Amino acid sequence: MKIGVFVCHCGSNIEATVDTAEVARIALTYPDVAHAEDSMYTCSEPGQDNIVDAIKKYGLDGVVVASCSPRMHEQTFRRTVERAGLNRYMFEMANIREHVSWIGKDREANTNKAAELVRLAVEKLRRDAPLHSRKFDVTKRVLVIGGGVAGIQAALDCADGGIDVVMVERESTIGGKMAKLDKTFPTVDCSSCVLSPKMVDVAQHPKIKLYAYSEVESISGFVGNFTVTIRKKTAYVDWEKCTGCGACTEKCPARHSPDAFNECVGETTAINIPFPQAIPKKAVIDPRFCRKLTTGKCGICAKVCPSGAINYEMKDEIVTEQVGAVVAATGYDLMDWTIMGEYGGGRFPDVITSLQYERMLSANGPTAGHVKRPSDGREPRVVAFIQCVGSRDRSIDRPYCSGFCCMYTAKQAILTRDHMPESRSFVFYMDIRAPGKMYDEFTRRAVEEYGVQYVRGRVSAIQPIQRADGSLGYILRAADTLLGEPVEVEADLVVLAVGIEGAHGAGELAEKLRISYDKYGFFMERHVKLAPVETNTAGVYLAGVCQGAKDIPASVAQGSAAAAKVLSLFSRDKLENDPQIAQVDIKRCVGCGKCIDVCPYGAIKKIDFRGQPKAEVVETVCQGCGVCNATCPQGAIQVSHFTDNQILAEVNALCQF
């Protein structure tokens, strides 16, 4: 066997702390290494051409590249060796950037360690064998989970590209958080006017099948062939008959139900349609507050419904859909802001969240666009906005920035003056993050044209006071870090820019999709730079805030990006599996079933082999994670390209140094 070793300078990333020429010289002493050299940028076109030429010139049977992380360029170099006529799996990569040059400054020690890592890669490559993919059919339908603006964009782009779309939304209407907004920054145009046409397009598109008020129950299968079980939740209204006339809502006597769409600022009836532009515009009964369902008495909605759509005996319905790809666009929810005790969240009636304030400002909100204090219904004269409530705060384990709070606070401050010209607005902030197009100009407009007073400093506490007229007031105490002195502001209404986290239930959905997520509920992308919409499970893509904080334009862009990935996937009639998967040695397998129990992908099944139970790997489902390999007491399962012998060869080579 002849092996070639190519050591990359990566500019100065590696060469600054590793003697790459010495690493190449040492590599020539390793068994079966016929050629070794160092180069400035191995991943560049000249660098790749050099590898191709060396393979042909020296008759190389395998290649080792010592450079950066395999997550960056492993596929690049595999295509390179394939171009030269080698099997793409006769290639190994030694990570001497992240694992060596970036974590130490001792050039001699780094050079020795880099040489050791190259030795490990050489020893593994000596035991590698060509692997070949298998082709399988693909179901050209896509599941979009979440009907917010990102999910809507992904669904429409896929549908316009000729792909059938199944959209699942857990609420009774699509639109997500954007449907709750009054205006959008930086153009201050009507949110509903922008979003509603797209919602209608989803409802009317012949290639989109919408399951509203539904949740994904389970997902099985593999890229190109997923089986999705969907639970259609009980609405107690037959949507086939419901016309959305609203007669049931008008007559319902249970009028003290918390209005979830309006962020519980107002109350609604037990049967309702969230808002006038809802898609689908269908009524839903909340069984917690319906008198008929809780006491057995009432039934007025059934009596007044002109189409006979009310059905108190309705149950959840389970449906199954076949799809080839999945786009997760589940959005976000606000963190539990009541843990910020210094702000009185949940205790002081006039301390509200930014989303609650949006509903007050909105013409279709509970106050018809008139800003009123929850405590007494009066119009506030002084409104204080507090930013970074639950963002960039390590004391409550929220170190990240929520991304769009600076901008919507500026927007709300501007709208406050539009709604109440005589009012005053104060914004308490840490610093302003407005990097988008026209964003900085927008925040300056709030100060220069609308007279919003920005105070740089965190509010330490909010103290309620009783005024002479009997109304409540609130004293906000902070330190102005620009003036270097304490500040006190008396406000009538306090609006908290509450930080965001992954949507409630995101963790459970991630486990169903078999994708990774962080402790804040955000789904993890496959690579933060090179694969921001892909996940570690082939065929599952991300769109919008479910992946991390982003505003509406970025969410729409990522929705289109996810759709582009789906269309690219479906551009082929057949897909190829990754051959780096588990293989069962039938002779050694005792049929204990432990591998079946631990497989996170459900890729192993029990079969009958000559009257004895044995394990069998479903090749198209297996992701090559190796859990079964580590669990099997007989060592009957090996992962191709990562066998026990290959790993032990690396360990033995390391022990020789």
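**Exercise 1.** Which residues in H6 are buried?

*Solution.* The structure is a predicted model. A residue counts as buried when its relative accessible area is under 20%. In H6, this holds for Val 149, Ala 150, Gly 151, Ile 152, Gln 153, Ala 154, Ala 155, Leu 156, Cys 158 and Ala 159. Ten of the twelve residues are thus buried, and H6 is mostly covered.

**Exercise 2.** Determine whether the length of helix H6 (residues 149–160) agrees with the expected span.

*Solution.* The expected span is 1.5 Å times one less than the number of residues. For the twelve residues of H6, this gives 16 Å. The end C-alpha atoms of H6 are 16 Å apart, so the two values agree.

**Exercise 3.** Describe the open sheet that contains strand E25.

*Solution.* The sheet has three strands in the order E24-E25-E26, and their pairing is antiparallel. Strand E24 (459–466) and strand E26 (485–491) are the edge strands, since each pairs on one side only. From one strand to the next, the twist averages 20 degrees. Seven bridges join E24 to strand E25 (residues 472–480) in the antiparallel sense. Within this pairing, Ala 461 has Arg 477 in E25 as its bridge partner.

**Exercise 4.** Classify Val 651 as buried, partly exposed or exposed, and state which surface patch includes Val 651.

*Solution.* Val 651 lies in helix H18 (residues 644–655). Buried means under 20% relative accessible area and exposed means over 50%. The relative accessibility of Val 651 is 41%, so this residue counts as partly exposed. Together with Phe 642 and Ile 647, Val 651 forms a nonpolar surface patch with about 240 Å² of accessible area.

Terms used
Residues numbered from 1 in each chain as written. Predicted model: local features only at pLDDT ≥ 70, side-chain atom pairs only at ≥ 80, totals over all residues. Heavy atoms only, no water. Pairing = 2+ DSSP bridges. Helix = DSSP H or I, 4+ residues; strand = E, 2+ residues; numbered from the N terminus. Axes fitted to C-alpha atoms, helices over the stretch in contact; angles between N-to-C directions. Patch = residues over 30% accessible without salt bridge, like charges linked within 9 Å, V, L, I, M, F, W, Y side chains within 5 Å. Areas by Shrake-Rupley, 256 points an atom, 1.4 Å probe, with all protein chains shown as cover. Salt bridge = Lys/Arg side-chain N within 4 Å of Asp/Glu carboxyl O. Buried < 20%, exposed > 50% of the residue type's maximum accessible area, 1.4 Å probe, protein only.
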